[in-house]
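Biologist: Please take me through one part of this model, up close. Then show me how that part fits in with the rest.

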Amino acid sequence: MTSAIPEIVPDVPDDGRTLFDTVAGLDHPVVLRGVARHWPLVQQASESDAEARAFLARFDGGFPVTAFVGPPEIGGRLHYTEALGSTNFEQIETTLDQVLRRLEISEDSEEPETIYMGSSAIRHCLPGLEIENSLPLGDREATVRIWLGNRTVVAAHFDVLSNIACVAAGRRRFTLIPPEQLPNLYIGPLELTPAGQQVSLVDLRDPDFEQFPRAREALAQAQVAELEPGDAIYVPSMWWHHVEALAPFNILINHWWRDTPAFLGPPGDALLHAILNIRELPKHERDAWRVFFDHYVFDAKPEHVAHIPPNRQGVFGDLDDDMARRLRHILRN
């Protein structure tokens, strides 16, 4: 039902510009084999999990981190309880040292607890690690983050930012599904999420097609890859990705960025505005507003406003930092 994610083997080491420019123009995922195999962290992890933990500990600044901890019975799947009443794990404030210690203990357990530290900014919790253990970014501004844990399963979700994620220890299986499959993924609530982003309610490892029949179509469009230490994957903006950590100890370092002007706001805000102001209108009014959105947003062309003198086009003209400020002022008022 699924297909393999396309692969390339880039030149390593890379100055950052070539790699990011290569993937930034793609509208589909790609696996980058061996792109991080020269990292010291990857080399230590190839020796043993203990060596990888000791290497991380050298950079530990003692800063607080957030970890997710769940009982053995959740099987590593960080998700919801029955009827979406709450999440099936506890979110705790701790330290990297404590996370590493609990992970070490879990390796010897027949029924380990689930331990997951996700999306922690390396510059904050492991200052200095990224100097030799992240991709050179060239002139791009990116946030570099670390994710570590034992055998965990993160439900399909999307990110607004583009992403290159590198496996530094352990193994990971990525299942990616294109954005247009949203209606077939049975997305959970916005107000209660496992980690800040809406997730699919379908367990892609063993989907219940009686409860979620349209998931068959989503899986038919899915692309899958397994990554070893040193491998990376490019996840385009808005692609759904389901991530399984397959080893008792796993480390991922990812790079998030946007190839868009800094003055653009979060697109999700526009969705909330549309839900609040348009969704409950009568159908004929929604249809009329759909024409406006297509004309001025989704299919906007210069000729749509060419009849207005350029100095009078206002918000319908070119968007820049100054115009973005004017738009925000209009919205606030």
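Modeller: Start with a single contact: Val69 has Glu90 of β6 as its bridge partner. This is a predicted model, where local features need pLDDT of at least 70, side-chain atom pairs count only at pLDDT 80 or more, and totals for chains, interfaces and linings use all residues. Residues are numbered from 1 along each chain as its sequence is written, and side-chain values use heavy atoms, without hydrogens and water.

The part to look at is strand β4, residues 64-70. Strands here are DSSP runs of E with at least two residues, helices are runs of H or I with at least four, and both are numbered from the N terminus. Take the β6 side of β4. Strand β6 spans residues 90-95, and six bridges hold β4 and β6 together in the antiparallel sense. (Two strands pair if DSSP finds at least two bridges between them.)

Now take β7, residues 114-121. It also pairs with β4 in the antiparallel sense, over three bridges. Two contacts let you find this pairing on screen. Gly70 stands opposite Thr114 of β7. Phe68 has Tyr116 as its bridge partner in β7.

Why is β4 largely enclosed by the rest of the structure? Five of its seven residues are buried, so the rest of the structure encloses most of the strand. (Buried means under 20% relative accessible area, exposed over 50%, and partly exposed in between, with a 1.4 Å probe and protein chains only.)

Step back to the whole sheet. It is open and has nine strands, in the order β2-β3-β13-β10-β15-β8-β7-β4-β6, and its pairing is mixed. The edges are β2 (7-8) and β6; each has a single partner strand, so one side of each has no neighbour in the sheet.

Return to Phe68 and look at its side chain. Phe68 belongs to one aromatic cluster with Phe89, Tyr116, Trp147 and Trp256. So the bridge partners Phe68 and Tyr116 are both cluster members.

How many aromatic pairs does a search of the whole structure find? It finds 12. (Rings of Phe, Tyr and Trp, the last by its six-membered ring, pair if their centres lie within 6.5 Å; planes under 30 degrees apart are stacked, over 60 edge-to-face, and the rest tilted.) One of these pairs is Trp147 with Trp256: the centres are 5.8 Å apart, the planes make 85°, and the pair is edge-to-face. This pair links distant parts of the chain, because Trp147 sits in strand β8 (residues 143-149) and Trp256 in strand β15 (residues 250-257), 109 residues apart. Trp147 and Trp256 are both buried.

Tyr234 and Trp257 make a tilted pair, because their ring centres are 6.2 Å apart and their planes are at 35°. Tyr234 is in strand β13 (residues 232-235) and Trp257 is in β15, so the pair ties together parts 23 residues apart in sequence. Tyr234 is buried at 2% relative accessibility. Trp257 is buried too, with a relative accessible area of 2%.

There is another sheet to find. This open sheet has six strands, ordered β1-β12-β11-β14-β9-β5, again with mixed pairing. Its edge strands are β1 (3-4) and β5 (77-78), and each pairs on one side only. Inside this sheet, β11 (residues 172-177) and β14 (residues 240-245) run antiparallel, joined by six bridges. One contact to look for is Arg172, which stands opposite Ala245 in β14.

Next, the cysteines. The structure holds zero disulfides, a disulfide being a pair of cysteine sulfur atoms within 2.5 Å. Why does Cys125 form no such bond? The closest cysteine sulfur is that of Cys166, 16 Å away, which is too far for a bond. For Cys166 the closest cysteine sulfur is in turn that of Cys125. Cys125 is buried at 1% relative accessibility, and Cys166 is buried at 0%.

Finish with a contrast to the buried residues. Ala306 lies in the loop between α8 (283-298) and α9 (321-332). Is Ala306 buried or exposed? It is exposed, because its relative accessible area is 55%. From Ala306 to Gly149 the C-alpha to C-alpha distance is 55 Å, and the two are 157 residues apart in sequence.
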